[in-house]
Amino acid sequence: MTIDPSAGSSSPSAQWLAWVTRLQAIAQTGLEFSHNDYDCERYEQVRRIAAEMAAASCGQTIPQVEEIFGRDSGYATPKVDVRAVVMREGKLLMVREALDGLWTLPGGWADVCASPAENAEREVFEESGYHVRAVRLLAVYDRALHPHEPPLPFHVYKLFFECELLGGEATTSNETTAVDWFGEDELPPLSTTRNTAGQLARMFEHLREPGGPTDFE
């Protein structure tokens, strides 16, 4: 579940969402380290206020938002999303997501006990059926600084890896309904919660400039 601003009567501003995210992070971290019942009660109230703010602006119920907040615990840190940039004959490998029917670079949330590169390689195989090897980090983006929709109530860093194609064949999974290759001027409808047109354009530029520096921010 994501906080979808299109569900409400008006979209929350980036600043409003940033306030919600910061309040939730304060509450989550406070609950992790507080052992005093009084302090815990106050942090629960802060989390509740953050949920009320998010629900009021996004058209979802407070319990729905609280369920999103409750998925994480401990010291609040950014989540990590990895994306694989695989090219063949001038075209990028993309998959169509089962959740929204739109297209994205293979990828997803990084799993623990695996390096970022290993996560990217695994995601490609699981979502597309191809075997790859990560060879270069192309970009580290702060999701909040890019036009992703819908906004999320937590902070995300996105890592884009150039991957060398080793073998395999196109195979869908329970997460994907199609696998295909697309040129720079023939991109399909994009799942903008996962990647944007600007990011894909930048990936094509990177692949034309193999010695270029890694992007950040």
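Accessible areas here come from the Shrake-Rupley method with a 1.4 Å probe. On that basis, the protein chain of this predicted model has an accessible surface of about 11200 Å², of which 54% belongs to carbon and sulfur atoms. The secondary structure comes to five helices and eight strands, and the points below take up the overall fold, the charges and the surroundings of Trp103.

**Fold and dimensions**
- From the N terminus on, the elements of the protein chain follow the order α-α-α-β-β-β-β-α-β-β-β-α-β.
- The protein chain is as compact as a globular protein of its length, because its radius of gyration of 19 Å is close to the 17 Å that the globule rule gives for 217 residues.
- Along its principal axes, the C-alpha trace of the protein chain spans about 60 × 40 × 35 Å.

**Burial, contacts and charge**
- Of the 217 residues in the protein chain, 42% are buried.
- Among contacts in the protein chain with a separation of 6 or more, 71% are between residues 24 or more positions apart.
- The protein chain carries 18 positive and 34 negative charges, and the mean positions of these two sets lie 2 Å apart.

**Trp103 and its surroundings**
- Trp103 lies in strand β3, which covers residues 103-104, and Trp103 counts as buried because its relative accessibility is 9%, the cut-off for buried being under 20%.
- Leaving aside neighbours within four places in sequence, Trp103 is in contact with residues including Met94, Arg96, Phe182, Pro188, Pro189 and Leu190.
- Val179 is also among the contacts of Trp103; the two residues are 76 residues apart in sequence and 9.1 Å apart in space, C-alpha to C-alpha.

Notes: Residues are numbered from 1 along each chain as its sequence is written. This is a predicted model: local features need pLDDT of at least 70, side-chain atom pairs count only at pLDDT 80 or more; totals for chains, interfaces and linings use all residues. Side-chain values use heavy atoms; hydrogens and water are left out. Helices (H or I, at least four residues) and strands (E, at least two) are DSSP runs, numbered from the N terminus. The radius of gyration is taken over C-alpha atoms; the globule rule is 2.2 Å times the number of residues to the power 0.38. Buried means under 20% relative accessible area, exposed over 50%, partly exposed in between (1.4 Å probe, protein chains only). Contact means heavy atoms within 4.5 Å. Lys and Arg count as positive and Asp and Glu as negative; His and the chain ends are not counted. The place of a charge is taken as NZ of Lys, CZ of Arg, CG of Asp or CD of Glu.
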